Amino acid sequence: SSSKTTPIKSHIIHTLINHVHNNNNSSAGANACQAYVADVTSKATGQRMSAPSAQDAWRNWGISTDYSNIPIAAAVYFTSPCASECGHVGVHVGNGMIQHQLSKRVKESLADVTKNHNYKFRAWGWNGGVKLKQPDEE
């Protein structure tokens, strides 16, 4: 069944996740985490929506501070000790793993993102405010 609030089909999420895993076609440079998330999610939505910083994106599109069940392809927002006015963001690729842009693209667990970089989990949300339908919602 389809839903007006969740217009993206799960096969699109698989395409998105494959894109993230393969690190293809993002123009985001070093430390351009929000630009990377915008590039990746545009592969699912067909429209590139971004914000000036991860902190602005969190203010606009953050949904939940519960990290126990982050949906696949959700943006995951963090505070950043080195750029408190900007924050940090990555994409949840499943099984607690986050793909994010630092000086290079990195895939690591949510626990490692916080431990290795001293980021603090802030919330998760949908980049651009567009909820991506999960595979179990079909």
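This briefing walks through the fold, the cores, the aromatic pairs and a few notable loop residues of one protein chain. The model is a predicted one. The protein chain has 138 residues, and buried residues make up 48% of them. F78 is a good place to start looking, since it is among the residues with the most contacts inside the largest nonpolar core and also belongs to a cluster of ring pairs.

**Overall fold**

- The protein chain contains 4 helices and 6 strands.
- Following the sequence from start to end, you will meet the pattern α-α-α-β-β-β-β-β-α-β.
- Among contacts in the protein chain with a separation of 6 or more, 62% are between residues 24 or more positions apart.
- About 6,800 Å² of the protein chain is exposed, and carbon and sulfur atoms supply 47% of that area.

**Strand pairing around strand 6**

- Strand 6 (120-125) runs antiparallel to strand 1 (residues 62-64), and 2 bridges join the two.
- One residue to look up here is G62, whose bridge partner in strand 6 is G125.
- Strand 6 also runs antiparallel to strand 2, this time with 5 bridges between them.
- Within strand 6, the residue standing opposite F78 is F121.

**Nonpolar cores**

- The largest nonpolar core has 15 residues, and I70, V76, F78 and L110 have the most contacts inside it.
- Strand 2 (75-79) and helix 4 (110-117) each supply at least two residues of this core.
- A second core, separate from this one, has 13 residues, including V40, A57, W61 and Y77.

**F78 and its surroundings**

- How exposed or buried is F78? Its relative accessibility is 1%, so F78 counts as buried.
- Leaving aside residues up to four places away in sequence, F78 touches G87, H88, L110, V113, T114, Y119, K120, F121 and R122.
- One of these contacts, L110, is also among the residues with the most contacts inside the largest core.

**Aromatic pairs**

- There are 4 aromatic pairs in the structure.
- In the pair of F78 and Y119, the ring centres are 6.1 Å apart and the planes meet at 35°, so this pair is tilted.
- This pair links distant parts of the chain, with F78 in strand 2 and Y119 in the loop between helix 4 and strand 6, 41 residues apart.
- Y119 counts as buried because its relative accessibility is 8%, under the 20% cut-off.
- F78 pairs with F121 as well: their ring centres lie 6.4 Å apart with planes at 80°, so this pair is edge-to-face.
- Since F78 is in strand 2 and F121 in strand 6, the pair ties together parts that are 43 residues apart in sequence.
- Ring pairs join Y67, F78, Y119 and F121 into a cluster.
- For a charge placed over a ring, look at R122, which lies over the face of W58 at 3.9 Å from the ring centre.

**Two asparagines with positive phi**

- Most residues other than glycine have a negative phi.
- N95 has a positive phi, near 55°, and is not a glycine.
- You will find N95 in the loop between strand 3 (88-94) and strand 4 (97-101).
- With a relative accessibility of 80%, N95 counts as exposed.
- N118 also has a positive phi, of about 60°, although N118 is not a glycine.
- The loop that holds N118 is the one between helix 4 and strand 6.
- Is N118 buried, exposed or partly exposed? Its relative accessible area is 43%, so N118 is partly exposed.

**P71, a buried loop residue**

- P71 sits in the loop between strand 1 and strand 2.
- The relative accessible area of P71 is 14%, so this proline is buried.
- Which residues does P71 touch, not counting those up to four places away in sequence? They are H92, W124, W126 and Q134.
- From C-alpha to C-alpha, P71 and G96 are 9.5 Å apart in space, with their positions 25 residues apart in sequence counted as their separation.

Key. Residues are numbered from 1 along each chain as its sequence is written. This is a predicted model: local features need pLDDT of at least 70, side-chain atom pairs count only at pLDDT 80 or more; totals for chains, interfaces and linings use all residues. Side-chain values use heavy atoms; hydrogens and water are left out. A nonpolar core is a set of buried Ala, Val, Leu, Ile, Met, Phe, Trp, Tyr and Cys residues joined through side-chain atoms within 4.5 Å. Buried means under 20% relative accessible area, exposed over 50%, partly exposed in between (1.4 Å probe, protein chains only). Contact means heavy atoms within 4.5 Å. Rings of Phe, Tyr and Trp (its six-membered ring) pair if their centres lie within 6.5 Å; planes under 30 degrees apart count as stacked, over 60 as edge-to-face and the rest as tilted. A charge sits over a ring if NZ of Lys or CZ of Arg is within 6 Å of the ring centre and within 35 degrees of the ring normal. Accessible areas come from the Shrake-Rupley method with a 1.4 Å probe; for residues, only the protein chains shown count as cover. Two strands pair if DSSP finds at least two bridges between them.
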